[in-house]
Structure formats: C-alpha cells, structure tokens
Amino acid sequence: MTYNAHSFAAERRGEQVSLGKLLRVKTQVSVVILAVSSVMLLGCAASISPEPVQDTGQTVSPGNDVSDSVPPVPKTLSIDHISSCDDLESTMAPYIDGLTQMEGNSVNEWGVSCTWTMPEENTDWANAREVSLGVTPVYDASTRPDIPGLQQVFPETAEITDKWIAELGGVAYVVEMGTGTVAALQSVVWTPDFEVAVGGGRWEGMPALDGNAALEVARAVLR
C-alpha cells in the first residue's frame, strides 16, 4: 500500500482522536470507580460498632438519665396572691369565727400582718380570743430557727415535723403558753423564702389553732 504525506497525516490525526477518546473514557471510568469505592467505604465505616465506652464505675439504667440522681431544687414560694387580709379569711375561717379584723392590718412589700380579735361590742367573754397571722420574707438563711437553742430557753417549745417543710429545707415549731383546756399557742413555720408566724390557741367549743393547724395555714398561704 502506498502512503503519501497527506494520507499519513490524516491517519495520524485519526489515531490521536481515537487515543484522546480512549483516555477520556478511561478517566471517566476511574472517577466512577473511585466514587463507588468511597461510598462503599463509608457504608462499611457506619456499620462498624464503636469501641466500648470505658467503664467509669457509674451504673446508668436504661431510660434513667444521670441527672435523675440530682436532688430537685425546692420550688420558690410566693405570697403575690395576697392583696389584703380579706384574702386570708377563708383560710383562717375555722379559727376566726365571731372575730373581726383589727385596725392597722396590712399587706405590703414588707409582708403580711393580720390580726382578728373580739368585737368591741362583745359581751361573751367565752369569745375572748385573738388570732394573728404574719408572713415576712426571709433575706438571710442564717435566720433559720435553732430549735434546740429555743428549747433551752423555752422548754415548752416543740418541733413540728412534716415532709413538706423538710423538702423545702425549712423548720417549724410551736410554743405553748398555758396548760389545760385553754392555752395560748405561738407557731412558726420557717422556709428559705418566708417565715410564717401564727398566733392561736386552744379554746372551749372552738377548733384549736395548734402547731399542726398552723402548718396547714402556712401551706395554704405559701404557694
């Protein structure tokens, strides 16, 4: 076969074009293979189980967060719902029947000071009673009452134990003045937020406003 310069050059150009197409195809195939390989490697990595966590000695039950072991923060109490001593009469109702509010009762930023006493026109000395309720904010936790110390000074002091007051981090006590059917009682319920002082007693024919009753009053007043 006879080749001239023109046909030889054309043949060379055809070979170069075919070679270029072949190189491009090989490159595209390589890219596809590389991409498939990467996906397979990622899939394998995802299926590999992680290394066991180092044992710290702390056992965590399924569904039980570690934070469950942290004691709950006591709820902050409030007396914002009280605007006057009238708002407390339903709470004090069993103990102030037949009594009237004294002048000077107040509810303000300093707390609550309410007293109920016998009416001026009262002629029944069996109704010679006085009931008081005071609520003051606690600004210093060091004012927490020292019951053993109080008992040394006032042997009649008795601690009132209750789960509610204990969970609040508080303490309660009652001092009884007098014995028998009639007695004056002064109860104090102290919490880190407020101190509630209840002046009550035991009277004939009336429910006693003793330490346990005072604790229920404090529970109703502090929300």
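Is glutamate 167 buried or exposed? Glutamate 167 is exposed, at 51% relative accessible area, where exposed means over 50%, buried under 20% and partly exposed in between (1.4 Å probe, protein chains only). Welcome to a short tour of this predicted model, in which local features need pLDDT of at least 70, side-chain atom pairs count only at pLDDT 80 or more, and totals for chains, interfaces and linings use all residues. Residues are numbered from 1 along each chain as its sequence is written, and side-chain values use heavy atoms, with hydrogens and water left out.

**Salt bridges**

- The structure holds four salt bridges, each a side-chain nitrogen of Lys or Arg within 4 Å of a carboxyl oxygen of Asp or Glu.
- Glutamate 167 pairs with lysine 163, and their closest N and O atoms are 4.0 Å apart.
- Both residues sit in helix α4 (residues 163–167), four residues apart, so about one helical turn separates them; helices here are DSSP runs (H or I, at least four residues) and strands are runs of E (at least two), numbered from the N terminus.
- Like its partner, lysine 163 counts as exposed, with 63% relative accessibility.
- Another bridge joins glutamate 176 to arginine 202, with 2.7 Å between the closest N and O atoms.
- Glutamate 176 belongs to strand β6 (residues 171–177) and arginine 202 to strand β8 (residues 194–202), so this pair ties together parts that are 26 residues apart in sequence.
- Glutamate 176 is partly exposed at 27% relative accessibility, and arginine 202 is partly exposed at 22%.
- In helix α5 (residues 211–221), arginine 219 and glutamate 216 are three residues apart, or about one helical turn, and they form a salt bridge whose closest N and O atoms are 3.3 Å apart.
- Arginine 219 has a relative accessible area of 30% and is partly exposed; glutamate 216, at 44%, is partly exposed too.
- Shared partners link Asp162, Glu216 and Arg219 into one salt-bridge network.

**Nonpolar cores**

- In soluble globular proteins, nonpolar side chains tend to be buried together.
- The largest nonpolar core has 36 residues; such a core is a set of buried Ala, Val, Leu, Ile, Met, Phe, Trp, Tyr and Cys residues joined through side-chain atoms within 4.5 Å.
- Within this core, Trp116, Val131, Leu133, Val135, Leu209, Val221 and Leu222 touch the most other members.
- Two or more residues come from each of β3 (111–117), β4 (130–137), α4, β6, β7 (183–190), β8 and α5.
- Helix α5 gives the most to this core, with six residues.
- Leucine 209 has contacts (heavy atoms within 4.5 Å) beyond its neighbours within four places in sequence, including Met92, Tyr95, Val131, Leu185, Val198, Trp203, Ala214 and Val217.
- Glycines also appear among the contacts of leucine 209, namely Gly199, Gly200 and Gly201.
- Apart from the largest core lies another, of seven residues, among them Ile147, Tyr173, Val175 and Val188.

**The disulfide**

- A search of the whole structure finds one disulfide, defined as a pair of cysteine sulfur atoms within 2.5 Å.
- The partners are cysteine 85 and cysteine 114, whose sulfur atoms lie 1.9 Å apart.
- The torsion about their S-S bond is about -90 degrees, so the disulfide is left-handed.
- Cysteine 85 lies in the loop between α1 (5–47) and α2 (89–92), and cysteine 114 lies in strand β3, so the pair links distant parts of the chain, 29 residues apart.
- Cysteine 85 and cysteine 114 are both buried.
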